[in-house]
Amino acid sequence: MRFLAPLFCVLILPSVLYAQNIVYPQAKRSEQKDDYFGTTVADPYRWMETNDTPELTAWIDAENQLSRKYFDALPIRETLKERLTDVVNYPKYSLPWQKAGKVFFSKNDGLQNQSVLYVMDTPEAEPRVLLDPNKLSEDGTVALQTTSVSKDGKFLAYSIARSGSDWNEIFVLDIATGKTLPDRLEWVKFSGIAWYGDGFYYSRYDAPKEGGDKLTTKNEFHKIYYHVVGRNQVDDRLIREDRENPLRNMRASTDRDQNFLFISDSESTYGNSLYFTYLIRTAPPSVRHVPFYLVPVVTDFRSEQSVVSVVDHGNGDSFTIYLLTDRDAPNRRLVRFSPDKPAPEHWVDVISESDTLLASVSCIGGRFVATYLKDAAHEVYVYDKDGKRIREIELPTLGMTGFSGEKDSDVFFQSFTSYTYPTVIYRGNLETGDRKEFFPTGINFNKDDYTTERVWYTNSDGKKVPIFLTYKKGLKKNGSNPTLLYGYGGFNISVRPAFSAFRIPFLEQGGIYAHAVLRGGGEYGETWHKAGTKLQKQNVFDDFAAAAEFLIKEKYTSPEKLAIQGGSNGGLLVAATMLQRPDLFRAALPAVGVLDMLRYHKFTIGWAWATDYGTSEDSKEMFDYLYKYSPLHNVKAGVNYPAMLITTSDHDDRVVPAHSFKFTAEMQHKSGGLTPPGAITPAHPVYIRIETKAGHGAGKPVSKQIDEAADVWTFIMNQLGMDVSGN
């Protein structure tokens, strides 16, 4: 509570602010209209889809000045920033991984903008810095993305992203000397780095056309290339392309022993095909003059499969391939097959499907470590190579875990985290079951002062579904607790219990952090995912509203004390639910949201989301459905909507910022029929915060994360009327 003393005046300040009027920046409204199956739809802010115009730049500057004035007027903002800087300032480690006898991991000392990559030449050696991304830019906006070590442990291939963009560049580093080689590969996107021989496979697009906008132009014709270390990118050999299907992504991977090349194609965020070829039976790509033959495993896109391990039974003539798949098994299963008979009808179950989602499988020491997602929290079991369960690996509490290890070594590394449990790294032995802490957490946070409970709300389909509530012990269910409800509900993604130091100031002030499990996610397998897609997407919004109603009914909170937050697809969730049920919430925070459901598929990789959303071009039925909930098209004039803080970034080329720009302009335009025009009493204001030199979220410098969190919590605490006096 030490940071609370200077904040006594905050309870008085809002009444002063509310007595004033705010004039929103005026955004031009054009006469643009489009016809969808006979329905005319106005799109007055179409001009906001074009980046870097003087008019848009002026509007962005004016909006940022408006929101900055609001944040800076509240004394709590600087005090929150100080507290956030304090709680974030502790060493944080990634899950270590092993290759060629070496151990690699990332570490952030506390306030470094980017985590630093370290290497231990043996598991017992002292770590040394291998690559420090903080030296790649003065402001910390260059982030390390993908890393891959050659089979012999000589080279590290790594990709970087600038200013949060999805566009990557690949470089090669000599691990012994720490020197970066001249290799530089551009226009890389949605790519792995798969080593084989004296180079690696990677995926890229052609360079954008002259004058094209690389941050908004639709991504088409993904290709796989092979790069030989030391050569120029123009000499890279094209391995795979598909001129008939421009909207497909391709990804290459190799097994640890580099006996096989696997190629996975995808048309969306769910479902993939899978092919392989024998690398040991072909000439290396650097000398090959003809394409290799790909053996099909799965050629449609109605299921997902990923390679877990390849076992060589000797002499390179007999192999077994292990796959994790949801084909004919919505909760997933581990299967095996011979490369000579790869079709699904020849697959043999190793770990059969169960009532619980099989989230991931690792092959360590000739055994399988299987992580299950049981009611949105992890459980872990060890199986032998034939699928017999050996034992459970117990976890400290409700949370999430991860494993790394080699198939021929019993040594493993494990991470564990939960809402009140800062990430801890273990090193263990799978044979003996021994495990001890490898890296300490080091954070000044007493987890015993807080608790997480998994309770059950009834969703709109009548099903009991978990919601995780984290708060300070001693909470009273009197309906007056400030609460932040978070949700996602899409793309088969499971939002799992994880620690964030950025939530500590809110919890210290008596806030409840609530995370609701929603249809559309992956918590209960593919059936659960499909129940929140396309013509069933409304289920997700209804579930989120049901979670809010539960919190209110059970007197955890009340509408005046409830804020909602979500990012990307979760930004859509927050905006759509807020527009449909404004009575439930005091504040809404959609971040980098998909908010124009009629045009989302026309930008960058948006077309890949169609399996979850459908598109306005599919059919009249699909258009009508999207039009009915699309946030941009469902703002009504004169409605007393919750206060809103919309956040986006200028370099977001995943969900382009035009979504947030257009939605903000529409919300502000229809905010109330007040006098004078464009002026409001800011009891329920609409603000937008537009970050510069940042993207969809990945790789954002710690300094920018702290600044953004200070603004976000300032908004939440102010809008929820939190007593920050410390009384």
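By how much are R68 and D72 separated in helix α2? In this predicted model, the two residues are four positions apart in helix α2, which means that about one helical turn separates them. Their side chains meet in a salt bridge, with an N to O distance of 3.2 Å. R68 is partly exposed at 29% relative accessibility, and D72 is likewise partly exposed, with a relative accessible area of 48%.

The count of salt bridges comes to 58. Side chains of opposite charge can pair when their charged atoms come close. One such pair is D34 with R46, in which the closest N and O atoms are 2.2 Å apart. This salt bridge links distant parts of the chain: D34 belongs to strand β2 (residues 33–36), whereas R46 is placed in the loop between β3 (39–42) and α2 (54–72), 12 residues apart. Both D34 and R46 are buried. A further salt bridge is formed by D265 and R240, with 2.5 Å between the closest N and O atoms. Because D265 lies in strand β18 and R240 in strand β16 (residues 237–240), this pair ties together parts that are 25 residues apart in sequence. D265 and R240 are both buried. Salt bridges that share partners also join R68, D72, R77, E78, K81, R689, E691, K704, D707 and D711 into one network.

Strand β18 is also part of an open sheet of four strands, arranged in the order β17-β18-β19-β20 with antiparallel pairing. The edges are occupied by β17 (249–254) and β20 (295–298); each has a single partner strand, and therefore one side of each is left without a neighbour in the sheet. Neighbouring strands of this sheet are turned by 25° against each other on average, direction ignored. Within the sheet, β18 and β19 run antiparallel and are joined by six bridges. L261 stands opposite T277 of β19.

Aromatic contacts were examined next. A search of the whole structure finds 45 aromatic pairs. In one of them, the ring centres of F260 and F276 are 5.7 Å apart and the planes lie at 75°, so the pair is edge-to-face. The pair links distant parts of the chain, as F260 is in strand β18 (residues 260–266) and F276 is in strand β19 (residues 273–278), 16 residues apart. F260 and F276 are both buried. Y524 and W528 form another edge-to-face pair, at 5.1 Å centre to centre and with 70° between the planes. W528 counts as buried, with 8% relative accessibility. In addition, Y93, F105, Y118, F413, F438 and F439 form one aromatic cluster.

Charged side chains are also placed over aromatic rings. K189 lies over the face of W167, at 4.2 Å from the ring centre. The charged end of R389 sits over the ring of Y381, 3.7 Å from its centre.

Two residues other than glycine have a positive phi in the β12 region. W187, within strand β12 (residues 180–188), has a phi near 60°. F190, in the loop between β12 and β13 (194–196), has a phi near 50°. W187 has a relative accessible area of 24% and is partly exposed, and F190 counts as partly exposed at 26%.

Key. Residues are numbered from 1 along each chain as its sequence is written. This is a predicted model: local features need pLDDT of at least 70, side-chain atom pairs count only at pLDDT 80 or more; totals for chains, interfaces and linings use all residues. Side-chain values use heavy atoms; hydrogens and water are left out. Buried means under 20% relative accessible area, exposed over 50%, partly exposed in between (1.4 Å probe, protein chains only). Rings of Phe, Tyr and Trp (its six-membered ring) pair if their centres lie within 6.5 Å; planes under 30 degrees apart count as stacked, over 60 as edge-to-face and the rest as tilted. A charge sits over a ring if NZ of Lys or CZ of Arg is within 6 Å of the ring centre and within 35 degrees of the ring normal. Two strands pair if DSSP finds at least two bridges between them. Axes are lines fitted to C-alpha atoms, for helices over the stretch in contact, and angles run from 0 to 180 degrees between N-to-C directions. A salt bridge is a side-chain nitrogen of Lys or Arg within 4 Å of a carboxyl oxygen of Asp or Glu.
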